[in-house]
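Biologist: I'd like to go through this one with you and hear the reasoning behind each label. Can you show it to me?

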Amino acid sequence: MRPLSACLKATREAPHRRGVWRVARVLVTGASGLVGSRLVVRLRDRHEVHGTFHNHAPDFLEHPAERLHAVDIRDLAAFRRLLGKLQPEVVIHCAAMTNVDGCESAPEEARAANVAPVETLASWQKGTDARVVLMSTDYVFDGKSPPYEIDAKPNPLCVYSRTKAQAEEVVRRVPRSLIARSTVIYGADFGHLKRNFAVWLIGELQAGRRVRVVDDQWGTPTISENIAEFLDLAVERGTQGAIHTAVGECVSRFDFARRIARRFSLDVSLITPIKTGELHQPAKRPERPCLSVRKTEQILAVKSWTIDRSLDLLASQLAIPERAVLRPWW
Ligand SMILES: NC(=O)c1ccc[n+]([C@@H]2O[C@H](COP(=O)([O-])OP(=O)(O)OC[C@H]3O[C@@H](n4cnc5c(N)ncnc54)[C@H](OP(=O)(O)O)[C@@H]3O)[C@@H](O)[C@H]2O)c1
């Protein structure tokens, strides 16, 4: 395998296959997370990619140590110092407090993780030409009038959603910035990656356990690799404003669970539909915050994946016995 420096040199000298392009210094915050990890792998052959982590060093990325940076983004001075040191041309901000019910019981902590660092990012950007991309969520919408277009008005229902909507407000004022919303993100668990809905469900059904899944929460469940590919294009094209990095199918969580079970030849009858109210979750969830990908597909000239295609990729990744290293999937 060629060393990374040789790859970078080669791509610096040659226009990128999809058009005139040059290597950018990209900072991916939350590189140890589901989306950030895929972004690092997707972008690193063509850009100088740096990633941040907090509690979990992303060894499964096998990324050069000098390009992985431990930082607590709630430590705003430390975050700003890192931005100043790296001087990235593009920052893709994925790091966030993503535990929706955790945010509800700790609103100050949620603001400190999800809003204040974005304000720091925006104020640092003022003195630069850097482009900022913010990962956001379908939960900024109230779910009452789906599907939501990229310019729909947010109306968040819980603390997590409010912090993400506030972060969107901050980023909207940053020149040339981009808000990328997604929903019910899933992907194979490499290294120590925390379990997401799809991986959790497969584990439960494989163990023969019964699961209760809500049938009154709808969304556009999206595999993290598809998001990385959307964002790759958006970075390359300098897309501004907002996009929806999601599949084009809106399904209930229960229907999604059944599709997963069928794809993995698991016992569908172990899945029982329940109503959200029966879970007594602290945070109020929107019922149908389904994201429309119509305009995003036009803007990026790309088709979003289907759930079937996404589950095929998940199956191929979960079939790897030791999932210790995240490899290119394309
Ligand atoms: N997951 C979903 O279903 C979903 C849906 C819509 C939108 N989103 C948004 O998409 C983005 C990425 O989500 P994801 O699913 O990839 O998240 P994830 O897997 O939960 O990862 C969260 C990342 O944020 C980092 N992080 C958390 N607190 C931090 C702190 N105080 N300082 C520094 N880093 C911190 C974590 O680092 P360590 O693990 O190293 O501590 C991790 O890398 C988030 O902005 C989220 O709001 C997620």
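Modeller: Here is a chat about the overall build, a few single residues, two helices and the ligand shell, and bear in mind that the model is predicted.

Biologist: Start with the whole chain. What makes it as compact as a globular protein of that length?

Modeller: First the inventory: the chain has 12 helices and 13 strands. Its radius of gyration is 19 Å, and the globule rule gives 20 Å for 330 residues, so the chain is as compact as a globular protein of that length. Along the principal axes, the C-alpha atoms fill a box of roughly 55 × 40 × 40 Å.

Biologist: And what share of the residues counts as buried?

Modeller: Of the 330 residues, 46%. As for contacts between residues at least 6 apart in sequence, 75% of them join residues at least 24 apart.

Biologist: Let's test that label on single residues. Why is Val49 called buried?

Modeller: The cut-off for buried is 20 or more other C-beta atoms within 10 Å. Val49 has 29, so it is buried. Val49 sits in strand 2, residues 48–53. Setting aside neighbours within four places in sequence, its contacts are Val26, Val28, Val40, Leu43, Arg44 and Arg67.

Biologist: Why does Gln206 count as exposed?

Modeller: Exposed takes 12 or fewer C-beta neighbours. Gln206 has 11 inside 10 Å, so it counts as exposed. Gln206 belongs to helix 8, and its C-alpha is 9.4 Å from that of Ala261, 55 residues away in sequence.

Biologist: What puts Arg176 in the partly exposed class?

Modeller: That class lies between the two cut-offs, 12 or fewer for exposed and 20 or more for buried. Arg176 has 13 C-beta neighbours inside 10 Å, so it counts as partly exposed. You'll find Arg176 in the loop between helix 7 and strand 6. It also has a positive phi of about 60 degrees although it is not a glycine.

Biologist: Which value does phi take at His280?

Modeller: Phi of His280 is near 50 degrees, again a positive value in a residue other than glycine. His280 lies in the loop between strand 13 and helix 11. With 6 C-beta neighbours inside 10 Å, against a cut-off of 12 or fewer, His280 counts as exposed.

Biologist: What makes you call the bond between Pro146 and Pro147 a cis peptide?

Modeller: Its omega, which is about -5 degrees. Pro147 is placed in the loop between strand 5 and helix 7.

Biologist: On to helix 12. How do you know that its span is close to the expected one?

Modeller: Helix 12 runs over residues 307–318, 12 residues in total, and reaches 16 Å from its first C-alpha to its last. The expected value at 1.5 Å a residue is 16 Å, and the span is close to that.

Biologist: Why do you say that the buried residues of helix 12 line one face?

Modeller: The buried ones are Ile307, Ser310, Leu311 and Leu314. Seen down the axis of helix 12, they fall within an arc of 95 degrees, so they line one face of the helix. The general background is that an α-helix has 3.6 residues a turn, so residues three or four places apart point the same way. Asp308 and Ser316, on the other side of helix 12, are exposed.

Biologist: What covers the buried residues of helix 12?

Modeller: The cover includes helix 8, strand 10, helix 9 and helix 10. Helix 10 has buried residues too: Arg253, Phe256, Ala257, Arg258 and Ile260. Their cover includes helix 8, strand 8, strand 12, strand 13 and helix 12. Just after helix 10, Ser265 takes a positive phi of about 50 degrees.

Biologist: Last stop, the ligand. Which residues come nearest to it?

Modeller: Of the 27 residues around it, Gly30, Gly33, His54, Asn55 and Ala96 come nearest. The shell divides into 13 nonpolar, 11 polar and three charged residues. Helix 2 gives the largest share of the shell, three residues.

Biologist: Why does Gly33 count as buried?

Modeller: Gly33 has 26 C-beta neighbours inside 10 Å, and the cut-off is 20 or more, so it counts as buried. Gly33 is in the loop between strand 1 and helix 2. Its C-alpha is 9.8 Å from that of Ser224, 191 residues away in sequence.

Notes
Residues numbered from 1 in each chain as written. Predicted model: local features only at pLDDT ≥ 70, side-chain atom pairs only at ≥ 80, totals over all residues. Near = placed C-beta within 6 Å. Helix = DSSP H or I, 4+ residues; strand = E, 2+ residues; numbered from the N terminus. Nonpolar A, V, L, I, M, F, W, Y, C, P; charged D, E, K, R; others polar. Expected span 1.5 Å × (residues − 1). Arc of directions from axis to C-beta. Contact = placed C-beta atoms within 7 Å. Rg over C-alpha atoms; globule rule 2.2 N^0.38 Å.
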